[in-house]
Amino acid sequence: MKKTLSLVLAIIYLSACSLFMPANQKLTIQSNMPDAVIEINGSMVGKGSVTTKVSKKKNVQVYVSKPGYEPYDNYISSGISATGVLDIIGTVLIFFPVVGLFSGGAYKLDTNNLQVYLEKK
């Protein structure tokens, strides 16, 4: 009985591994202009060069601007991570891993380092 319970708990623990992964990802944005304003999802986070943590579960909007220069406006996409894929496979075998797919640990951003070059108007 103890062995069976230990086996079941081990399967549950290992199969929903996204629950144990961080929900945020480090994102670094560097601009060629040291005084360019950097915004993430509509909030100013700094100037010139910024490293911050963002949610892996949602797309991230990056906007970099400086007067007299063309602004940079782009999205970094969020997608399923390898850990999330393992949760999907585990869900087919046993239902519990589906819980991990609701956490940020099942996702990843397409990039974690962005170089932005602003051009004069």
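These questions and answers cover a three-strand sheet and one glycine in a predicted model.

Residues are numbered from 1 along each chain as its sequence is written, and side-chain values use heavy atoms, with hydrogens and water left out. Because the model is predicted, local features need pLDDT of at least 70 and side-chain atom pairs count only at pLDDT 80 or more, while totals for chains, interfaces and linings use all residues.

Trainee: What is the order of the strands in the open sheet?
Mentor: Strands are DSSP runs of E, at least two residues, numbered from the N terminus. Two strands pair if DSSP finds at least two bridges between them. The pairing in this open sheet is mixed, and the order is β4-β1-β9.

Trainee: Which strands stand at the edges?
Mentor: An edge strand here has a single partner strand, so one side of it is left without a neighbour in the sheet. The two that fit are β4 (49–55) and β9.

Trainee: How many bridges join β1 to β4?
Mentor: These strands run antiparallel. Asn-24 has Ser-55 as its bridge partner in β4, and Gln-30 stands opposite Ser-49. The number of bridges is seven.

Trainee: In which sense do β1 and β9 pair?
Mentor: Strand β1 covers residues 24–31. Thr-28 has Asn-113 as its bridge partner in β9, and Gln-30 has Gln-115. Four bridges link the strands, and the sense is parallel.

Trainee: Which side chains of β9 point to the buried face?
Mentor: In a regular strand the side chains alternate between the two faces of the sheet. Buried means under 20% relative accessible area, exposed over 50%, partly exposed in between (1.4 Å probe, protein chains only). In β9 (residues 113–116), Asn-113 and Gln-115 point to one face and are not buried. Pointing to the other, and buried, are Leu-114 and Val-116.

Trainee: Is Gly-46 buried or exposed?
Mentor: Gly-46 is found in strand β3 (residues 43–47). Its relative accessibility is 16%, so Gly-46 counts as buried.

Trainee: Which residues is Gly-46 in contact with, leaving aside its neighbours within four places in sequence?
Mentor: Contact means heavy atoms within 4.5 Å. With those neighbours left aside, the contacts of Gly-46 are Ala-36, Val-37 and Ile-38.
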